[in-house]
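User: I would like to go through the labels given to some side chains in this model and hear the reasoning behind each.

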Amino acid sequence: MTEFSRRKFLKTSSVAAMASVVPAKHVMLAAEQSPTAQSSGDGDRVRFASIGIGIQGSSLLRAAVTLPQAECVAACDLYDGRHKLAKEIAGPNIKTTRRYQEILEDKDIECVIVAVPDHWHKQIAIDALSAGKDVYCEKPMSHSIAEGKQMVSAVERSKHFIQVGSQRVSSLLFAKAKELYDSGSIGDLLQVELQLGRNSPGGAWQYPWPADLSPQTLDWDTWLGNTPKRPFDPETFVRWRRLREYGTGMAGDLMVHLLSGMQFATGIRAIPDKAFAIGGIFRWKDGRDMPDLQVTTFEYGHVPVTVRLTLGTETPEVTRLMGPKGIIELTNSSVTFSPQLGLDRSPSYGLNGFPAAMRAEYEKQWHAEHDAVLAQHPLDETTVWHGPSWDELKPHLTNFFESVRTRKPVVEDVVFGHYAAAACHMANTSYFEGKVITS
């Protein structure tokens with residue numbers, strides 16, 4: 001009888017996983033599953049205004065004006081050049097202003113899209129609720145945990161709502177991942193791995209600024225808000241994500257998407273019990289104080305969630321849910337389920353320590369107990385579902401406008417948004433203080 005080597009054991013044990021990766025079953029998620037709500041006529045269209053027409057705000061506005069159930073009637077930005085941009089997107093007849101208060105005073109406007117720097121989210125969102133508007137607020141919902149709590153309280157006192165803008169919760173891909181997870185496909189959740197890497201100046205927020213940007217074309221003092229006063233600086237205005245006073249760095253820009261998708265798929269609705277982050281500024285030494293590499297481990301009950309973010313190496317964005325029965329893995333346009341039997345495919349290589357006769361007897365008994373089960377599972381077949389990019393904005397905006405019209409609960413409410421943002425704030429606090437942060 002030949003020796004049963006460790007190499008042979010590992011090769012045999014992994015053969016199902018190896019085989020299933022190559023001939024995986026591929027399925028296309030039907031596009032008709034996407035939100036397709038229609039208006040019943042021009043008079044039934046939701047009248048909205050956009051507050052903040054920058055990089056993300058203009059993208060949201062471009063998507064929103066294509067939806068049949070919504071109509072943009074006004075736009076607000078502190079930079080005059082974006083008034084022109086808003087009219088180019090939504091039409092020359094919309095009202096434009098620097099003062100968001102004028103938007104909130106308009107009784108014909110039912111809801112607002114808030115896409116401003118993080119340090120302005122809380123105030124504008126709460127003012128909008130007080131003015132009787134529903135709010136679509138860009139992620140991260142808050143600039144601090146304290147602000148998030150204030151926003152939750154404001155919604156509780158209001159008849160109106162906040163939907164947070166992390167579009168993965170409206171994605172067909174994450175809907176399929178949630179379906180798989182809820183069906184028990186991977187068993188108990190044991191671990192989550194999340195990762196995203198960029199490697200370009202644009203990915204590190206080194207955006208250009210408009211040639212005409214000046215104290216005359218921008219209300220700089222209002223933009224600063226309640227942060228310390230400082231001289232006009234066009235670089236700060238367009239690259240604010242790098243700075244802790246105005247933004248939340250990679251955690252608020254990138255991690256929050258990953259955590260939101262994870263929360264949605266697994267049903268976790270909680271602030272993590274613990275967070276510990278390490279990292280630093282290694283690539284983009286441009287005056288930023290937020291890290292360009294950040295690795296964070298969270299603890300949600302007994303489940304460790306590891307998030308790896310970097311602006312120094314481009315890597316795919318991946319969400320990986322792991323359990324004893326397999327793995328659910330999401331990328332930008334696919335969700336993959338790789339089942340695992342959790343059993344040896346052949347006798348243990350530990351038999352090397354048995355005398356020949358004893359080894360033979362053990363193998364005979366092993367095959368008697370396992371061969372029938374293994375015959376029923378010759379391969380752990382992997383299935384891959386393909387669908388629209390999870391970055392697609394229209395489904396999430398559609399859900400928002402439908403909630404405005406029907407008053408049905410939003411898909412990403414203020415509590416969900418608070419939990420996701422709070423985790424990011426815990427990660428940043430841990431990074432700056434160099435210690436474990438508990439909730």
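Analyst: The model is predicted, and the turns below deal with aromatic pairs, burial, charges over rings and the nonpolar core.

User: Why is the pair of Tyr136 and Phe400 called edge-to-face?

Analyst: The ring centres of Tyr136 and Phe400 are 5.5 Å apart, and a pair needs centres within 6.5 Å. Their planes stand at 80°, and over 60 degrees counts as edge-to-face, so the label applies.

User: What makes this pair a tie between parts of the chain?

Analyst: Tyr136 lies in strand 6 and Phe400 in helix 13, so the pair ties together parts 264 residues apart in sequence.

User: How do you know whether Trp220 is buried or exposed? And which class does Phe232 fall in?

Analyst: Trp220 has 6% relative accessibility; buried means under 20%, so Trp220 counts as buried. Phe232 has 26% relative accessibility; the range between 20% and 50% is partly exposed, so Phe232 counts as partly exposed. Both belong to one aromatic cluster with Tyr79, Trp223, Phe237 and Tyr246.

User: Why is Arg244 said to lie over the face of Phe432?

Analyst: Arg244 is at 3.7 Å from the ring centre of Phe432, and the distance limit is within 6 Å, with a further limit of within 35 degrees of the ring normal. Lys178 likewise lies over the face of Phe264, at 5.7 Å.

User: Which residues have the most contacts inside the largest nonpolar core?

Analyst: That core has 49 residues, and those with the most contacts inside it are Leu259, Phe298, Val305 and Ile328. Helix 11 gives the largest share, 10 residues.

Definitions and conventions: Residues are numbered from 1 along each chain as its sequence is written. This is a predicted model: local features need pLDDT of at least 70, side-chain atom pairs count only at pLDDT 80 or more; totals for chains, interfaces and linings use all residues. Side-chain values use heavy atoms; hydrogens and water are left out. A nonpolar core is a set of buried Ala, Val, Leu, Ile, Met, Phe, Trp, Tyr and Cys residues joined through side-chain atoms within 4.5 Å. Buried means under 20% relative accessible area, exposed over 50%, partly exposed in between (1.4 Å probe, protein chains only). Helices (H or I, at least four residues) and strands (E, at least two) are DSSP runs, numbered from the N terminus. Rings of Phe, Tyr and Trp (its six-membered ring) pair if their centres lie within 6.5 Å; planes under 30 degrees apart count as stacked, over 60 as edge-to-face and the rest as tilted.
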